[in-house]
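Here are my notes on the model you sent over, written as numbered points. Have the structure open while you read, and start with the empty space inside.

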Amino acid sequence: MPPATGKEAVRAFVPSPIEPLPHQLLAALAQHRMATNRQLQDLLRPQASRQLISTPLNRLHKEGLIAFTVLPQSNRTRAWFLTPEGARITRDWPQLRGRPPYPITSASAASMKTPHVLTVVRAHLTFVTDARNLGDEHGHLDWTPEVAHSLGDSERVIADALMYYVLHTGDGSRTKLRALVEVDRATTSSERLATKLIDYARLHTYTPAPPGRRATQANTAPAWQRWYPVFPRILFILTGASPRTLAHRIEDLQAMAAEHPAVAQLARHVPLGAAALDDLEQHGPMAPIWTPLNGRGGNRSWAAL
């Protein structure tokens, strides 16, 4: 079969309308925990009218499966989330198996988590839009927020999201890409942001000890191989500050990759990159806007890190 044209590919990777839209809305909210009307429309029906999304949302609200919080200073924009009943009925859906159980099921919890959760959805939408434009595979369920990995001794590293993406090339070949995504809103110091790289360096080398004996490289594989054929690339997406401040935060990430021995080793084996969210929204993630944290070469696309 000849490779799909760009137009055919774009049509293929928009969520199928065969599955009922209310079902897709519930799945999207279970996956992302919270989203606005506009975000849900961009995820599921980018070419549809606003009414096509708002009507089933209002119906699901009347049925007690979803609720909303009104965003401040937003002209009454609603951010939707699952009620406890909505979380219960979606818990065992096949497409949501393995998703961390971190639902937002109250208005008070929603109001506290809104800034970060909706920013993470903003970041995801840049990849969804890019995939549609380029004919790649990446949909609304290919981005799982709050993914935790054990570091041993009851310690964990939690990524803001785990992303799956299939890149299509002109010759019909496909490349499967994965990324652990950190979305930084400049709410903590750049030093604290950079130390997240140490956690990922520990994950890269962490080998759990078999029961009753010490772990050795000869008898135990790194823990990450339980989930991934290769260690996912690590992407930092920055927002919430001036371009100069964001540039300084990227410089601090580069410094950590150069100066910390374990992170430097990670950077030799795993693609690491950082970019501003505004640039992703303006140019798309596949544009040459990503700074490689290993300090080698200029900006490039996230897939070329």
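1. Keep in mind that this is a predicted model. Searching it for enclosed space turns up 1 cavity of 30 Å³ or more. About 40 Å³ of space lies in this largest cavity.

2. Who lines the cavity? The residues around it are His32, Arg33, His116, Val117, Val120, Val121, Pro145, Glu146 and Asp160. Two elements, helix H6 (107-134) and E4, give two or more residues to that lining, and H6 gives the most, with 4 residues. By class, the cavity lining has 4 nonpolar, 2 polar and 3 charged residues.

3. Now for the open spaces. The largest pocket has a volume of about 480 Å³. It has 14 lining residues, and Asp160, Glu182, Thr188, Arg192 and Lys196 are the ones nearest its centre. Strand E5 (155-168), E6 and helix H7 (190-194) are the elements that each put two or more residues into this lining. Charged residues number 7 here, next to 4 nonpolar and 3 polar ones. Asp160 is worth a second look, as this residue is listed in the lining of the cavity and among those nearest the centre of the largest pocket.

4. The second largest pocket holds about 370 Å³ of space. Its lining runs to 21 residues, with Arg97, Gly98, Thr144, Leu162 and Tyr164 nearest the centre. E4 and E5 each supply at least two of the lining residues. By class, the split is 11 nonpolar, 6 polar and 4 charged.

5. Several of those strands belong to one sheet. This is an open sheet of 6 strands in the order E4-E5-E6-E7-E8-E9, and its pairing is mixed. At the edges sit strand E4 (143-152) and strand E9 (291-292), each of which pairs on one side only. Further in, strand E6 (residues 174-184) and strand E7 (residues 233-238) run parallel and are joined by 6 bridges. If you want a place to check this pairing by eye, find Val181, which stands opposite Leu235 in E7.

6. There is also an open sheet of 3 strands, in the order E1-E3-E2, with antiparallel pairing. Its edge strands are strand E1 (35-36) and strand E2 (66-70), each pairing on one side only. E1 pairs with strand E3 (residues 78-82) over 2 bridges, in the antiparallel sense. Ala35 has Trp80 in E3 as its bridge partner. H4 packs on this sheet, where it touches E2 and E3, and the direction of H4 makes about 110 degrees with that of E2.

7. How do H2 and H4 sit relative to each other? Helix H2 (residues 21-32) packs against helix H4 (residues 50-62) at an angle of about 75 degrees, and their axes are 10 Å apart. An angle of 65 to 115 degrees counts as roughly perpendicular, so that is how H2 and H4 lie to each other.

8. Last, the contact between those two helices. From H2 come Leu21, Pro22, Leu25 and Leu26, which meet Leu52, Ile53, Pro56, Leu57 and Leu60 in H4. By class, this contact of H2 with H4 has 9 nonpolar residues, no polar and no charged ones.

Methods. Residues are numbered from 1 along each chain as its sequence is written. This is a predicted model: local features need pLDDT of at least 70, side-chain atom pairs count only at pLDDT 80 or more; totals for chains, interfaces and linings use all residues. Side-chain values use heavy atoms; hydrogens and water are left out. Two strands pair if DSSP finds at least two bridges between them. On a 1 Å grid over the protein atoms alone, a cavity is a set of points where a 1.4 Å probe fits but cannot get out, and a pocket is an open set with protein on both sides within 12 Å along at least five of seven lines; lining residues have an atom within 4 Å of a point. Grid points are joined across faces, edges and corners, and a volume is the space filled by probe spheres set on the points. Ala, Val, Leu, Ile, Met, Phe, Trp, Tyr, Cys and Pro count as nonpolar, Asp, Glu, Lys and Arg as charged, and the others, Gly among them, as polar. Axes are lines fitted to C-alpha atoms, for helices over the stretch in contact, and angles run from 0 to 180 degrees between N-to-C directions. Angles under 35 degrees count as roughly parallel, over 145 as roughly antiparallel, 65 to 115 as roughly perpendicular and the rest as oblique. Contact means heavy atoms within 4.5 Å.
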